Amino acid sequence: MLKKYKKDIAGWMIMLPALLLFTFFIWEPLLASVVMSFFSAKGIRLEKFVGFQNYIEVLQHPDFKAAFSNTFVYTFWSLVIGFLVPIFLAIIINEIIHLKGFFRISVYLPNVIPGLAVAIMWTFIYRAGKTGLLNIILGNLGVPPQAWLTKAHLVIPLIVMFMTWRSAGATTLIYLAGLQGIDPELYEAAAIDGAGLWARLRYITVPQIYNLARTLLILQIISVFQVLYEPLILTNGGPNNASTSLMLLVYKYAFEKFDYSKAAAVSVIIAIILILLTALYNKLVKENEM
Amino acid sequence: MGKKIAILLLFVGMLFLVGNNPVLAQKKVVLKLGMWPEPTLKSDIEMFEKWKKEFEKKYPNVQVVPATYKYATDTFVPLAESGNLPTIFETWFTEPQKLIDGKFVRDITVELRRKGWDKLMNPSVKQILSKGVRIYGVPRDAYALGMYVNVELFEKAGLVNPDGTPKYPKTWDELAKTAKTIKDKTGRAGLCLLAKDNAGGWHFSQIAWNFGAKLQVQKSGKWYANLNSPEVVTAMNFIKDLKWKYDVLTDDPTSEDWGSGFEAIATGRAAMYLGAQDAVNQPTQVYGMPLDKLAIVPVPAGPKGHHYSLMGGTPYMFNAKATSDEVMAALNFLEIMGKAPVVTPESLAGMRADAENRVKNGIPVVPSFPAWIDPAWLKAQDDVVKEYRNVDMAFYNDYYNWIKQKGVLKSEEPYLTQDMYAELTKVLQAVVSNKNADVKKLLDTANSNFQKLLDMYVNKK
């Protein structure tokens with residue numbers, strides 16, 4: 001019995017640093033914020049257990065409904081605009097023969113720039129009036145200058161385009177790794193059987209990266225659900241809440257009102273939604289596979 | 001005998017050692033100054049170094065430690081909770097009540113009474129810094145909203161008096177026309193309206209007041225939102241006209257905030273902008289506007305003659321964990337800076353240093369808005385301003401004479417002010433981004449939203 005544990009010691013020792021870091025930086029704050037969401041607090045000092053009071057007040061806040069539905073709209077547009085982009089990029093780069101390294105680095109470069117800097121850069125692109133970059137470009141085609149980010153129905157897709165530009169590169173690299181893991185013999189065999197480009201994509205490439213795409217889909221939903229600094233910098237949630245999000249609500253509770261327990265309550269709500277979505281998705285996918 | 005002397009000497013020597021020993025000596029009071037200037041502001045730092053030297057000479061038991069802290073809402077709570085807040089720090093005029101409620105700042109009533117300053121504070125400013133009868137801060141200066149004018153654009157549009165001062169609009173109606181003339185003649189926006197964040201609602205409440213609006217009313221002990229009254233609707237429709245009928249606003253008001261407004265004035269992106277005298281360094285020092293191109297004039301009056309100026313104060317506040325000695329030391333330091341209601345050779349020198357520094361950095365030396373009501377202090381400050389004057393007061397006189405009139409100054413609305421501004425800002429955003437916005441309907445929604453918050457947090461108690 002003891003011997004068995006002895007054998008494990010080395011394993012535990014290897015895991016120990018990671019476990020400590022996880023406990024300290026992830027699990028403890030996570031639990032603390034769940035606890036906090038049930039208390040009233042001054043700053044981060046808990047005062048009194050209030051049950052679901054914070055949740056009730058958060059749900060009644062005038063901005064909650066807009067933040068809630070917008071977050072889903074962000075997710076929807078990010079899947080429409082952003083989900084296929086990295087797959088296309090990866091396939092194209094995979095097919096390129098010359099300068100492959102150059103393109104691989106190029107698509108990743110936007111990730112290297114600090115997020116806030118990119119966001120500020122995009123405010124110049126979407127800027128209203130004759131000095132906005134997008135307006136300058138469209139101006140050459142005879143389109144009069146627009147105040148892009150004030151269009152309530154366009155503002156989320158515009159922000160999603162910026163998010164896609166920024167983060168598609170990293171996902172592309174993951175797909176690229178997946179594509180390069182495909183056995184070239186499959187393609188050779190297909191070519192011998194007379195399969196064209198589309199047939200090869202349809203019957204080899206797509207099935208081979210299907211599992212990867214499924215995982216990345218969930219990861220994308222999780223990360224877009226937490227959209228924060230993009231609307232914060234570009235629009236501050238406006239116009240009239242058209243681009244506000246749940247995380248922006250968390251930010252405003254925490255950093256504008258110093259009301260950390262309500263911020264915690266909204267975070268817990270976000271976590272619950274994400275857990276439900278992931279569970280639902282996995283269930284659907286499993287049913288399909290059977 | 002010799003032995004006795006030796007023992008005595010040894011004893012004296014020990015005392016001497018103890019006296020020099022920092023651990024055993026009476027512990028020095030450490031004063032951490034949050035308003036210490038940032039490293040890039042060289043001449044400001046020189047000024048503070050001088051004050052520090054003087055202060056430590058006068059109060060040898062206090063050690064002054066620079067602890068530059070530029071207040072920001074996302075850094076404040078971690079700093080406060082970890083006990084690393086400076087003894088004294090500057091914050092924004094929006095923050096005091098929130099910081100008092102969160103128990104982040106110290107009650108300094110006792111220390112102020114000991115100094116006698118509690119009676120010298122401008123009552124409206126004191127109200128902003130107090131909860132009940134307890135006082136939590138000291139004003140750095142106070143502000144009263146006026147209107148910043150880019151004189152160059154007025155000149156180009158031919159809107160100048162024979163003495164060179166701008167022909168500024170006296171009513172909001174005139175403002176629309178003036179703005180239109182400027183837009184037609186120069187192609188630049190007449191007015192910079194804010195609609196990015198809560199500052200939008202803040203400026204709008206100033207406009208709405210002059211249209212005769214009361215934004216919060218109390219009836220039989222309960223507070224009611226009054227954001228959809230006919231006066232507010234008229235004011236908001238006026239904004240809508242500025243955007244869609246006259247087209248005199250900057251390209252995208254929803255991207256304008258407090259700072260970008262000053263940038264717009266300084267760079268000639270807009271000709272007029274609501275702002276107070278305490279921010280004169282923004283267009284000039286920060287954005288390089290020449291001193292002779294700036295004027296501050298009264299806010300236009302409303303259609304029925306309402307003519308208020310929204311006032312507030314920029315406070316110094318104190319670390320909740322500071323000792324009484326530390327607070328006293330901080331107050332004494334304010335004396336040396338000339339920011340306290342006392343007239344001493346040091347405080348006079350402090351005022352002079354400040355004025356000199358303004359001249360050096362191209363900031364208008366104009367009277368500050370009196371945060372203290374001590375006549376001797378007011379006179380001393382006035383004298384220093386006159387001595388260092390670097391602008392033509394003709395460009396400012398109307399504004400200063402106006403805010404001295406009775407009944408002009410008006411403090412911000414009392415409850416959940418920031419939430420009210422947030423609701424109004426959302427309406428502003430809808431109005432300036434949608435030509436067909438239904439103003440009444442938007443204000444109805446804002447009103448019921450804000451009422452919900454009032455019921456949840458104010459009327460419940």
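**Figure 1. Strand 1 of chain B, residues 29–33, in the predicted model.** Side chains alternate along this strand. B:V29, B:L31 and B:L33 point to one face and are buried. B:V30 and B:K32 point to the other face and are not buried. Strand 1 of chain B runs parallel to strand 2 of chain B (residues 62–66), and five bridges join the two. Within this pairing, B:L31 lies opposite B:V64 of strand 2 of chain B.

**Figure 2. Burial along strand 12 of chain B, residues 309–318.** The strand is mostly covered, with ten of its ten residues buried. One set of residues, B:S309, B:M311, B:G313, B:P315 and B:M317, points one way from the strand. The other set, B:L310, B:G312, B:T314, B:Y316 and B:F318, points the other way. Both sets are buried. In strand 1 of chain B, by contrast, B:V30 and B:K32 are on a face that is not buried.

**Figure 3. Strand partners of strand 12 of chain B.** Strand 6 of chain B (residues 137–150) runs antiparallel to strand 12 of chain B and is joined to it by seven bridges. Here B:P139 has B:P315 as its bridge partner. Strand 3 of chain B (residues 88–90) also pairs with strand 12 of chain B in the antiparallel sense, over three bridges. In that pairing B:F89 is matched with B:M317. Strand 13 of chain B (residues 409–411) runs parallel to strand 12 of chain B, again with three bridges. B:L310 stands opposite B:K410 of strand 13 of chain B. B:P315 and B:M317 point one way from strand 12 of chain B, whereas B:L310 points the other way.

**Figure 4. Chain A as a whole.** Chain A contains 13 helices and two strands. Its C-alpha atoms fill a box of roughly 80 × 75 × 35 Å along the principal axes. Of the 290 residues in chain A, 38% are buried. Among contacts in chain A between residues at least 6 apart in sequence, 66% join residues at least 24 apart.

**Figure 5. The interface between chain A and chain B.** Contact involves 28 residues of chain A and 30 residues of chain B. The two chains bury about 2500 Å² between them, and 53% of this area is on carbon and sulfur atoms. On the chain A side, A:P62, A:N240 and A:F258 lose the most area to chain B. Together these three residues account for 23% of what that side buries.

**Figure 6. Polar and charged pairs across the interface of chain A and chain B.** Four salt bridges are counted between the two chains. In one salt bridge, the side chains of A:E47 and B:K103 meet at 4.0 Å, N to O. Across the interface, 13 residue pairs are in polar contact, both residues of each pair at pLDDT 80 or more. The elements of chain A that give two or more residues to the side touching chain B are strand 2 (45–49), helix 2 (53–60), helix 12 (246–256) and helix 13 (260–289). Helix 12 of chain A gives the most, with three residues. By class, the side of chain A that touches chain B has ten nonpolar, nine polar and nine charged residues.

Methods
Residues numbered from 1 in each chain as written. Chains lettered and ligands numbered in written order. Predicted model: local features only at pLDDT ≥ 70, side-chain atom pairs only at ≥ 80, totals over all residues. Heavy atoms only, no water. Contact = heavy atoms within 4.5 Å. Buried area = accessible area lost by both parts, 1.4 Å probe. Polar contact = N/O pair within 3.5 Å; in protein donor to acceptor, adjacent residues only side chain to side chain. Helix = DSSP H or I, 4+ residues; strand = E, 2+ residues; numbered from the N terminus. Nonpolar A, V, L, I, M, F, W, Y, C, P; charged D, E, K, R; others polar. Buried < 20%, exposed > 50% of the residue type's maximum accessible area, 1.4 Å probe, protein only. Pairing = 2+ DSSP bridges.
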